[in-house]
Amino acid sequence: MYSSGINVKYSSVIIQINAKSNSVNEITDYLESKNIVVNSIDGPVQNAINSTKESMIDTNYMILISGIIGGVIVAIISIFFDNITEGIRRIIIKIRNR
């Protein structure tokens, strides 16, 4: 019977870093560049960010809603385009005749 083994060096450490809220991204980027996995980020600012993200609408839904609203606006403008241009011409003529 043949068996083989793999030597693995692994350690799990729980550390707490107190940092200013504006340097959190720099610290996580630095740790990830050193192959250190960041499991979680906790704090009042991060909790506020997470709750804001949870209450926001999904990006795909926002794109869909914006597309529908934009399409409706363009359709309404195209339907009444002749009336709008005629009204603008009348205003310009009134301003020139004064």
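Colleague: Leaving aside neighbours within four places in sequence, which residues is Thr28 in contact with?
Modeller: Happy to start there, and please keep in mind that this is a predicted model. Thr28 lies in helix α1, which covers residues 24-33. Once its neighbours within four places in sequence are set aside, the residues in contact with Thr28 are Val38 and Ile41.

Colleague: Is Thr28 buried or exposed?
Modeller: The cut-off to hold in mind is that buried means under 20% relative accessible area. Thr28 has a relative accessibility of 14%, so this residue of the model counts as buried.

Colleague: What share of the 98 residues of the chain count as buried?
Modeller: Thr28, at 14% relative accessibility, is buried. Over the chain of 98 residues, the share that counts as buried is 3%.

Colleague: How many helices and how many strands are there in the chain?
Modeller: Reading from the N terminus on, the elements run α-α-α-α. The chain therefore has four helices and zero strands.

Colleague: Is the chain more spread out than a compact globule, or less?
Modeller: Let's compare two values. The globule rule gives 13 Å for 98 residues, whereas the radius of gyration of the chain is 30 Å, well over that. The C-alpha atoms also fill a box of roughly 95 × 45 × 25 Å along the principal axes. Because the radius of gyration is well over the rule's value, the chain, set against a compact globule, is more spread out.

Colleague: What share of the area that the chain exposes do carbon and sulfur atoms supply?
Modeller: The chain exposes about 9,800 Å². Of that area, the share from carbon and sulfur atoms is 58%.

Colleague: In which helix is confidence highest?
Modeller: For the chain, the mean pLDDT is 86, and 94% of the residues reach 70 or more. Among the helices, confidence is lowest in α2 (residues 44-55), with a mean of 87. It is highest, at 93, in the helix of residues 59-79, named α3.

Colleague: How far apart are the C-alpha atoms of Ile65 and Ile79?
Modeller: Ile65 sits in helix α3, and at 38% relative accessibility it counts as partly exposed. Ile65 and Ile79 are 14 residues apart along the chain, and their C-alpha atoms are separated by 21 Å.

Colleague: How far apart in space are Asn39 and Ile14, C-alpha to C-alpha?
Modeller: Asn39 has its place in the loop between α1 and α2, and it is exposed, with a relative accessible area of 74%. In sequence, Asn39 and Ile14 are 25 residues apart. In space, C-alpha to C-alpha, the separation is 9.2 Å.

Colleague: Which residue has a positive phi although it is not a glycine?
Modeller: A little background helps here: most residues other than glycine have a negative phi. The residue you are after lies in the loop between α1 and α2, and at 71% relative accessibility it counts as exposed. With a phi of about 60°, that residue is Asn35.

Colleague: Which residue's side chain meets that of Arg89 in a salt bridge?
Modeller: The structure holds two salt bridges. In this one the N to O distance is 4.0 Å. Both partners lie in helix α4 (residues 81-97), three residues apart, about one turn of the helix. Arg89 is exposed, at 52% relative accessible area, and its partner is Glu86.

Colleague: Which residues do salt bridges that share partners join into one network?
Modeller: The side chains of Arg90 and Glu86 also meet in a salt bridge, at 3.9 Å, N to O. These two residues of α4 are four apart, again about one turn of the helix. Arg90 is exposed, at 54%, while Glu86 is partly exposed, at 34%. The salt bridges share partners, and the network joins Glu86, Arg89 and Arg90.

Colleague: How many buried residues are among the 17 residues of α4?
Modeller: Arg89, one of the residues of this helix, is exposed at 52%. The helix is hardly covered, and its count of buried residues is zero.

Colleague: How far apart are the end C-alpha atoms of α4?
Modeller: We can work out what to expect. At 1.5 Å a residue, the 17 residues of α4 should span 24 Å. The model agrees with that, since the distance between the end C-alpha atoms is 24 Å.

Terms used
Residues are numbered from 1 along each chain as its sequence is written. This is a predicted model: local features need pLDDT of at least 70, side-chain atom pairs count only at pLDDT 80 or more; totals for chains, interfaces and linings use all residues. Side-chain values use heavy atoms; hydrogens and water are left out. Buried means under 20% relative accessible area, exposed over 50%, partly exposed in between (1.4 Å probe, protein chains only). The expected span of a helix is 1.5 Å times one less than its number of residues. Contact means heavy atoms within 4.5 Å. The radius of gyration is taken over C-alpha atoms; the globule rule is 2.2 Å times the number of residues to the power 0.38. Accessible areas come from the Shrake-Rupley method with a 1.4 Å probe; for residues, only the protein chains shown count as cover. pLDDT is the predictor's confidence in each residue, from 0 to 100.
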